[in-house]
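Visitor: Before we begin, could you show me the structure, and then let me ask how its labels are justified?

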Amino acid sequence: MFEADAASRALGIELIEAADGRAVTRMRVTAQMVNGHDIAHGGFVFLLADTTFALACNSHGPVTVAAGADITFVASARAGDVLIAHAEERTRYGRSGIYDVTVKRDGEVIAEFRGRSRVINR
């Protein structure tokens, strides 16, 4: 799945690991990712978390998509910062699941994301 994800690759997101309902990714914030306040645009932080969530929920095999997601921004990031996202499955029930993703910079929490997944029939 990740190899075919042109959006994530274009942003330089790197897959560290993904298996058994978990995933870890990394992304460097570039100058093109900052907003008018000179901090990382929240949409890019969300995209990193969402990609990590997708890798975790698809690690089981069936094609799984987001049914919804929420994010809380805790601290800001700046150009040059390296963000690490850790996703962990909380529960799966039927065709649905709940996953939490923590995005950190140098061990400091930047954002907390909760994603709700749904297995689809292709």
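The conversation below sets several labels against their definitions.

Guide: This is a predicted model, in which local features need pLDDT of at least 70, side-chain atom pairs count only at pLDDT 80 or more, and totals for chains, interfaces and linings use all residues. Residues are numbered from 1 along each chain as its sequence is written, and side-chain values use heavy atoms, with hydrogens and water left out.

Visitor: What makes the contact between Asp81 and Arg105 a salt bridge?

Guide: A salt bridge requires a side-chain nitrogen of Lys or Arg within 4 Å of a carboxyl oxygen of Asp or Glu; the N to O distance between Asp81 and Arg105 is 3.3 Å, so the pair qualifies. Asp81 lies in the loop between β3 and β4 and Arg105 in strand β5, so the bridge ties together parts that are 24 residues apart in sequence.

Visitor: Why is Asp81 called buried?

Guide: Buried means under 20% relative accessible area, exposed means over 50%, and partly exposed lies in between (1.4 Å probe, protein chains only); Asp81 has 18% relative accessibility and therefore counts as buried, as does Arg105 at 14%.

Visitor: How do you know that Arg90 and Asp100 form a salt bridge, and which class of accessibility does each have?

Guide: Their closest N and O atoms are 2.8 Å apart, so the salt-bridge criterion is met. Arg90, at 45% relative accessibility, counts as partly exposed, whereas Asp100, at 15%, counts as buried. Both residues also belong to a network of salt bridges that links Glu88, Arg90, Asp100 and Arg114.

Conventions: Helices (H or I, at least four residues) and strands (E, at least two) are DSSP runs, numbered from the N terminus.
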